[in-house]
Structure formats: C-alpha cells, structure tokens
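Got your viewer open? Load the model and let's walk through it, one selection at a time.

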Amino acid sequence: MKKLPYTLEQMRAIVREYPTPFHIYDEAAIRQRARALKAAFAWNEGFKEYYAVKACPNPAILDILRQEGCGMDCSSFTELVLAKAVGCVGGGIMFSSNATPAEDFLYARRLDAIINLDDYTHIRFLQENGGIPRTICLRYNPGGEFRLGNAIMGNPGEAKYGMTKEQIFQGVKDLMALGAERFGLHAFLASNTTDNSYYPKLAEELFELARETRDRTGARMEFVNLSGGIGIPYRPEEPEADLQSIGQGVREAYDRVVRPAGMKLSIKTELGRYMTGPCGSLVTTALHRKDTYRQYIGLDACAANLMRPAMYNAYHHITVLGKEDWPKDQVYDVTGGLCENNDKFAIQRPLPKIEMGDLVCIHDTGAHGFSMGYNYNGKLRSKELLLKPNGTVQLIRRAETPEDYFATLEGFGYDLKP
Ligand SMILES: *Cc1c(COP(=O)(O)O)cnc(C)c1O
C-alpha cells in the first residue's frame, strides 16, 4: 500500500488555509533519500549527487538538497540562476545541457560550473562563448540498444544526446590542447528504471571508457557521471530500487575495472526522480461526478498541473483521503477540465465511492510534476506547499493568477480585468 505523509484531518486543516489544488512536498522524506544515497556511495571518495533541477525547480526544495550536500544539475540559464540562488556555484553545479545557447554557456562559465559537453562541435562553441575550463565532462552515447540481460532498457542509437567513442577521444585531445586538465565522462542510457543492475552496468561501461580514454590520450580522468534514471515504484506492486545494492554493484565494477588500471575516479549522479518523486503529491478536490458510458470524476486539477498521465500514459496512484480502507468497488475515469480527452489522471481505475468535495490525492508528483506544467486552455499553475518535519506547512509558491497569465502580452491595451 502506498502511503501519504498526512491524514484526512491534517489535510482538511491545510486546505482551510490553502485551497486545492496544490503540490505538497515532504521535507523529511527528501532528506532521508538524500542521506540514503550518500550512504550507498560512501565508499567512493568524492561522490556527489547533483540534483536534476528540472525535476522540481523550487528553491525551497533545492535548498534542502543543498543542505544535504547535493549539488545542482542544470541545463538552462534559469536553472543556473536557481542553483546560484541556493548557494551552489563552481563544483556545486553540473551543467548538462544540449543544443546550448551561447548565453547559457557564458553564464555557466561565469558561475564556474562543471560543463558537461553534449557534442563534439560544442568544444569550439564553448571556446568562443566563455572559454574552456580546466575541468570538463563529456557526454557519451554508445549507439545501438542498451540492454540489461534480455531487456531493452533504452535506445541510445535514436537518442539526440552525447558523442560517439571516437568523438570522445578526439574531443579530449582537442580539449587538452586548449588547456583542459581534468576530465569526466557522462552517459544517461535508461530512464525510470528500478532495476538494480542499471547503474552498475552503466558504471562499468563508463569506467572502461575512462581507462581507454586515458590510454589513448594520456588525459587525467577524474570522475564518472552516472546521470539520472533510477526509477520509483509508481504502482503499489512495483519494487523499490535498492540503493545499497546499487552502490555495491557499482563498487564491484570499480574494483574490476578502475583499480586494476591504477586509476582513481570519483562518482557523480544527477538523480531527479529518485530524490523527490515519491516525496510529493498533488492534492485536489472532486468537483463533479458524471455518468455516461463510463463514470467520470472531474477534479479541480488537470494535466496542466501534472502532465505525465496525459503525455506518457503514466500510472499515478490515487488515494481518496479518509477512504484508504474502503472497498474499491467503483470504476472511474478521473479527469481534469482540459478540452483534451487525454486529460485523465486515471482510466478505468477501481476506487472507493467518491463524493463531491472529497480530497483526491495523486501520488508521486515530487519530480517532473509541477515542473512539466503548462497553461493550455488558460489553466493556471497551482501553488506548491512544503510539509516541514515538525508538521507545519509553508507556502513555497503561490498559485498563478490571470494577471500572471496575461503578463507577457504586449502592445494591445485590452482590458483583461475580469
Ligand atoms: C532529466 C535528466 C536527469 C534526471 O533524470 P531522472 O530520471 O529524473 O533521474 C539527469 N541528468 C540529465 C542530463 C537529465 O536530462
């Protein structure tokens, strides 16, 4: 059974002050996950998690992770601004961008962030826009299919990211000639996987590539960046990733490849989903029940607040607060109000009988939830709340207003007051 960090009574009190819909994040759970990750890689000197800012770009959340020793993984100008705002600069920022604008590189260099280059041609581009730093990372794409055992976990050959092996070798040589001294290697080959062998397999490939790069170029290889990709059990019956086992698997690969090569590499990660995904939920109110060819429950939130179900047909667990133990003897499509039939948080989902006014909580929205929101149909972004370890609640983002939505219009002079 999937749990929420609040009861019906607690949530009723919160909703009196902060009406639904909103995403609420659990600070204690975020800290606990950051500590568990650190413990799993404590064997590796220099290990550092760079939280993928895009997963939950609210400074209150980023600051909690920074306090736990995390850096920030950014891929745009505004994400860099957020990282700086919570006190991350220099080696505290990994800038893993692609199709990068010049001003983003210039700003990343001004903050002295670690640059993770997506492409061979970006060497020249970075040289002209900010200059080549001493420490630099290159993103690898092995092509083909990425498999764990028989399972195809990803299709790097179709992915826009990263460089071929030959481009990595040539890139490192070019970068050395331009003054770079210390190198990292990065790859991201599977997304949202709870398979404990993903990081160990990826690490082994990157360790071997690091050894080969050193042998071919004489470069000083300093770190390997395993990026994101560790998944979470969105469904109650799915397994949890086991961080201890993952850390141990990476350690074994390290002992097989890195030690015998006489090398020393620190490990970096850029987890987003794993760190905060299960620590957030979208709290909504049931507004309408509709009986046609199916039974529908219409909520006060929609895909503009949580896009994953509409975009990826992703499962998000739903709890009707206070009815956790009721029989799931109804079958509903749970919808938002967009004029798009894919605006459904759940399709043909067995749930307890829902009354209008019930608090309907959608689980696992702490990563790639609010942040993927948009304004289609003039829908406004919700507020965000932080549930503190002492049980109090802090507003960490207010809801958008119509004025926010209209704020970027130019040159008309219409009266947009309701
Ligand atoms: C999205 C992304 C991440 C985070 O991925 P998760 O699946 O949330 O762990 C990390 N690094 C890069 C470069 C990304 O694009």
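How far is an oxygen atom of the ligand from an N or O atom in the side chain of Lys54? Select both and you should read 2.7 Å. Keep in mind that this is a predicted model.

**Stop 1: the ligand and its polar contacts**

Leave the ligand selected and add Ser227. A polar side-chain atom of Ser227 lies 3.2 Å from a nitrogen atom of the ligand. Now add Gly229, where the contact comes from the backbone: an N or O atom there is 3.0 Å from an oxygen atom of the ligand. As for exposure, the ligand taken alone shows 390 Å², and the protein buries 90% of that.

**Stop 2: the shell**

Next, widen the selection to the residues around the ligand. There are 14 of them, and the closest are Lys54, Gly229, Glu270, Arg273 and His368. Colour the shell by residue class and you get three nonpolar, six polar and five charged.

**Stop 3: the largest pocket**

Zoom out a little and show the pocket surface. The ligand sits in the largest pocket, which holds about 960 Å³ of space. Its lining takes in 39 residues, and those closest to the pocket centre are Lys54, Arg139, Tyr161, Phe188 and Ser191. If you prefer to go by secondary structure, pick strand 3 (71–74), strand 8 (151–154), helix 10 (273–276) and helix 11 (308–312); these are the elements that give two or more residues to the lining. By class, the pocket lining splits into 16 nonpolar, 15 polar and eight charged residues.

**Stop 4: the cavity**

Now look for enclosed space. The structure holds one cavity of 30 Å³ or more, and the volume of the largest cavity is about 50 Å³. To find it, select Arg139, Tyr140, Asn141, Pro156, Ala159, Tyr161, Ala187, Phe188 and Leu189, which line it. This lining counts seven nonpolar residues, one polar and one charged. Arg139, Tyr161 and Phe188 may ring a bell: they are among the residues named for the pocket centre and they also line this cavity.

**Stop 5: two backbone details**

Finish with the backbone. Which kind of peptide bond joins Thr20 and Pro21? Check omega: it is about 0°, so to speak the signature of a cis bond. You'll find Pro21 in the loop between helix 1 (8–17) and strand 1 (22–26).

Then jump to Asp112, in the loop between helix 5 (102–110) and strand 5 (114–117). Phi of Asp112 is near 60°, a positive value in a residue other than glycine.

Definitions and conventions:
Residues numbered from 1 in each chain as written. Predicted model: local features only at pLDDT ≥ 70, side-chain atom pairs only at ≥ 80, totals over all residues. Heavy atoms only, no water. 1 Å grid on protein atoms, 1.4 Å probe; cavity = no way out; pocket = protein on both sides within 12 Å on 5 of 7 lines; lining within 4 Å. Points joined across faces, edges and corners; volume = space filled by probe spheres on them. Nonpolar A, V, L, I, M, F, W, Y, C, P; charged D, E, K, R; others polar. Near = heavy atom within 4 Å. Polar contact = N/O pair within 3.5 Å; in protein donor to acceptor, adjacent residues only side chain to side chain. Areas by Shrake-Rupley, 256 points an atom, 1.4 Å probe, with all protein chains shown as cover. Sits in = over half its atoms within 2 Å of the grid points. Helix = DSSP H or I, 4+ residues; strand = E, 2+ residues; numbered from the N terminus.
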